[in-house]
Amino acid sequence: MLFFGHVGLTVGVVQAFNELRNRRESSRLIDLRVAALVSLAPDLIDKPIGILFSEQVGKNTRLFGHSLLVACILGIILWIWRRKVKHSLAYWFSYLGHFVLDRMWIKNLPALFWPLLGFPPPEFIDIHTRVAMQLRMPYQVIGEVVGFIILLIFFLQHKLYQRKRLNAFLRTGILESI
């Protein structure tokens, strides 16, 4: 998955969960900004490392952030801070959702189980070619389109094109009921 797939699908699931909760108590709702950011966290960790240190990491861009070790460490940190970070379990699931959307169990087991399976084997294609290849795969294209449509629906349905509503969302991370 790329940007819209990760963010759109994660925000869609989290917002569906928010809709199931009591809408009168906005303090009980999950912050969509945080969920979106956490859904991108493995890529935000690994892509810069993979690009800046491409020779050292074998041109891989699925590295430490895509490992269950880092996911477990994040889970432990969120569990310790659970009283300070509301909805820490939802944010941890947003992080793990990245693994599901990337289908880490297919060809990415060394990264998923790093350091147990060693370092991921070198990839012989650069990141631009890899992205171009991904955009030819139906799973990737459908995920990106569905994610984009979800974000577009939220944008239109909650009238985020109005500055007041957009600012309220950016301030709170909660989509206001209409």
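**Ser-94, a pocket and a core**

Good morning. I begin with Ser-94, which is buried, with a relative accessible area of 5%. I should state at once that the model is a predicted one. Ser-94 belongs to helix 4. Apart from neighbours within four places in sequence, Ser-94 has contacts with Thr-10, Val-14, Ala-35, Val-38 and Ser-39.

Let me turn to the pocket that Ser-94 helps to line. This is the second largest pocket, and its volume is about 290 Å³. Besides Ser-94, the lining includes Thr-10 and Val-14, together with Leu-9, Val-13, Phe-17, Ile-30, Leu-89, Ala-90, Phe-93, Gly-97 and Leu-101. Two elements, helix 1 (3–20) and helix 4 (88–102), each give two or more residues to this lining. Which of the helices gives the most to it? That is helix 4, with six residues. As to chemical class, nine lining residues are nonpolar and three are polar, while none is charged.

I come next to the largest nonpolar core, a set of 24 residues. The members that touch the most others are Val-11, Leu-32, Tyr-95, Phe-99 and Leu-175. At least two residues of this core come from each of helix 1, helix 2 (32–52), helix 4, helix 5 (109–112) and helix 7 (138–157). Helix 2 supplies the largest share, six residues.

Finally, I take Phe-99 from that core. Again leaving aside neighbours within four places in sequence, Phe-99 is in contact with Pro-42, Gly-65, His-66, Ser-67, Leu-68, Ala-71, Met-104, Trp-105 and Leu-112. Thank you for your attention.

Terms used: Residues are numbered from 1 along each chain as its sequence is written. This is a predicted model: local features need pLDDT of at least 70, side-chain atom pairs count only at pLDDT 80 or more; totals for chains, interfaces and linings use all residues. Side-chain values use heavy atoms; hydrogens and water are left out. On a 1 Å grid over the protein atoms alone, a cavity is a set of points where a 1.4 Å probe fits but cannot get out, and a pocket is an open set with protein on both sides within 12 Å along at least five of seven lines; lining residues have an atom within 4 Å of a point. Grid points are joined across faces, edges and corners, and a volume is the space filled by probe spheres set on the points. Helices (H or I, at least four residues) and strands (E, at least two) are DSSP runs, numbered from the N terminus. Ala, Val, Leu, Ile, Met, Phe, Trp, Tyr, Cys and Pro count as nonpolar, Asp, Glu, Lys and Arg as charged, and the others, Gly among them, as polar. A nonpolar core is a set of buried Ala, Val, Leu, Ile, Met, Phe, Trp, Tyr and Cys residues joined through side-chain atoms within 4.5 Å. Buried means under 20% relative accessible area, exposed over 50%, partly exposed in between (1.4 Å probe, protein chains only). Contact means heavy atoms within 4.5 Å.
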